[in-house]
Amino acid sequence: MKAHIVYDSAFGNTKAVAEAVARALTPLRASAVSVTDFDPGSLAAEDLLVVGSPINGWRPTPKITQLLAQLGEGKLKGINAAAFDTRVRFFIHGDAAKKMTRLLKEGGANIISNPAPFYVRGSEGPLRSGELEKAASWAKTLSTALERKAPS
């Protein structure tokens with residue numbers, strides 16, 4: 001089993017979260033890779049696919065949306081998945097992670113976690129204090145979910 005953390009990042013905040021998740025998932029041979037460099041053919045049954053995007057016009061970026069559309073129609077069957085987004089803490093905001101989770105599920109993925117938000121200061125960041133630690137903690141919950149799912 002391998003963990004693929006695929007992200008799109010405009011100002012480096014989503015990339016930083018993806019890298020923190022990958023570091024925390026080291027036992028799963030995890031790697032963080034930009035959506036433009038990701039090879040969907042590298043996914044294998046039981047792998048973990050984590051997708052991250054900044055909120056872009058209330059939704060994931062076009063590159064992430066295009067990848068998830070490409071992986072639709074059951075192409076993710078047997079893949080474990082989760083999604084996160086980076087966003088500004090505001091009383092009203094988009095929810096890219098929820099939309100990505102829905103698209104992953106529609107593609108046949110087994111969703112192992114609720115969507116996770118990570119917060120930036122201002123529209124360009126940097127990440128708020130403690131968000132990288134929160135990302136590492138979230139990654140550990142993904143690992144635990146996979147352990148529970150594994151046959152004994």
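This passage describes the fold, aromatic pairs, salt bridges and one buried serine of a predicted model.

The model is predicted, and local features were taken at pLDDT of at least 70, side-chain atom pairs at pLDDT 80 or more, and totals for chains, interfaces and linings from all residues. Residues are numbered from 1 along each chain as its sequence is written, and side-chain values use heavy atoms, with hydrogens and water left out.

The secondary structure of the protein chain comprises 4 helices and 6 strands; these are DSSP runs numbered from the N terminus, with helices (H or I) of at least four residues and strands (E) of at least two. Their order from the N terminus is β-α-β-β-α-β-α-β-β-α. The C-alpha atoms occupy a box of roughly 45 × 30 × 25 Å along the principal axes. The radius of gyration of the protein chain is 14 Å, which agrees with the value near 15 Å for a compact globule of 152 residues; the radius is taken over C-alpha atoms, and the globule rule is 2.2 Å times the number of residues to the power 0.38. Of the 152 residues, 45% are buried (buried, under 20% relative accessible area; exposed, over 50%; partly exposed, in between; 1.4 Å probe, protein chains only). The exposed surface of the protein chain is about 7800 Å², with 52% supplied by carbon and sulfur atoms; areas were computed by the Shrake-Rupley method with a 1.4 Å probe, and for residues only the protein chains shown count as cover. Among contacts (heavy atoms within 4.5 Å) between residues at least 6 apart in sequence, 76% join residues at least 24 apart.

The whole structure contains 3 aromatic pairs. Rings of Phe, Tyr and Trp (its six-membered ring) pair if their centres lie within 6.5 Å, and planes under 30 degrees apart count as stacked, over 60 as edge-to-face and the rest as tilted. The ring centres of Phe 84 and Phe 118 are 5.7 Å apart with planes at 80°, so this pair is edge-to-face. Phe 84 belongs to strand E4 (residues 80-88) and Phe 118 to strand E6 (residues 116-120), 34 residues apart. Both Phe 84 and Phe 118 are buried. Phe 84 also pairs edge-to-face with Trp 138, with centres 6.0 Å apart and planes at 70°. Trp 138 lies in helix H4 (residues 131-149), so this pair ties Phe 84 in strand E4 to a part 54 residues away in sequence. Relative accessibility is 0% for Phe 84 and 10% for Trp 138, which also counts as buried. Ring pairs thus place Phe 84, Phe 118 and Trp 138 in a cluster.

Ser 53, in strand E3 (residues 48-54), is buried at a relative accessible area of 0%. Beyond its neighbours within four places in sequence, Ser 53 contacts residues including Asp 8, Thr 14, Phe 84 and Asp 85. The C-alpha atoms of Ser 53 and Thr 14 are separated by 6.2 Å, with their positions 39 residues apart along the chain.

The structure holds 5 salt bridges (a side-chain nitrogen of Lys or Arg within 4 Å of a carboxyl oxygen of Asp or Glu). One joins Lys 15 to Glu 19 at 4.0 Å, N to O; both residues lie in helix H1 (residues 13-24), about one turn apart. Another joins Asp 95 to Arg 87 at 3.1 Å, N to O. Asp 95 is partly exposed at 25% relative accessibility, whereas Arg 87 is buried at 7%.
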